[in-house]
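Okay, thanks for coming, everyone. I'll put the structure up and then just talk you through a few spots in it.

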Amino acid sequence: MPSAPQMRRHGKLEYGGQAAPLRTCVGCRIRTVKSELLRLVVVEGRVVPDPLGRLPGRGASLHPTLRCLELAERRRAFPRAFRVTGPLDATPVRAHLEGLDAD
């Protein structure tokens, strides 16, 4: 019987021998380890990436792919995730992800 490499324990995932916190991608809605997702925050009505996880405010998580960003925009997930009314500008996130793709 093969052993499962990843096992869930109370909202955490065994990842590399240690329990790691889980987050849900606002684009594809897949739960995965926090370290594989990009944290986003709202600054003055704009969604900005927070790769170091140090900016203040409510955060949302997104896989660092343009596909998940497009899904989140199509589903209008950002206003819900950040609990704000009205549309949010995700241009800084798109620029960040396009910069990652160029590397």
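Let's kick off with a question: is Arg-76 buried or exposed? This is a predicted model, by the way, so keep that in mind. Right, Arg-76: its relative accessible area comes out at 64%, and the cut-off for exposed is over 50%, so Arg-76 counts as exposed. You'll find Arg-76 in the loop between helix H1, residues 66–74, and helix H2, residues 77–82. Now look at the backbone there: Arg-76 has a positive phi of about 55 degrees, and it's not a glycine. As a reminder, most residues other than glycine have a negative phi.

There's another one like that. Glu-44 isn't a glycine either, yet its phi is positive, about 50 degrees. Glu-44 sits in the loop between E5 and E6, and with 80% relative accessibility it's exposed.

That loop takes us to the sheet. It's an open one, three strands in the order E6-E5-E7, with antiparallel pairing. Strand E6, 46–49, and strand E7, 59–62, are at the edges with a single partner strand each, so each has one side without a neighbour in the sheet. On average, neighbouring strands are turned by 40 degrees against each other, ignoring direction.

Zooming in on one pair: E5, residues 38–43, runs antiparallel to E7, and four bridges link them. Leu-40, for instance, is opposite Ala-60 in E7.

And what packs on the sheet? That's helix H3, residues 91–102, which touches E5, E6 and E7. The direction of H3 makes about 30 degrees with that of E6.

Note on methods. Residues are numbered from 1 along each chain as its sequence is written. This is a predicted model: local features need pLDDT of at least 70, side-chain atom pairs count only at pLDDT 80 or more; totals for chains, interfaces and linings use all residues. Side-chain values use heavy atoms; hydrogens and water are left out. Two strands pair if DSSP finds at least two bridges between them. Helices (H or I, at least four residues) and strands (E, at least two) are DSSP runs, numbered from the N terminus. Axes are lines fitted to C-alpha atoms, for helices over the stretch in contact, and angles run from 0 to 180 degrees between N-to-C directions. Contact means heavy atoms within 4.5 Å. Buried means under 20% relative accessible area, exposed over 50%, partly exposed in between (1.4 Å probe, protein chains only).
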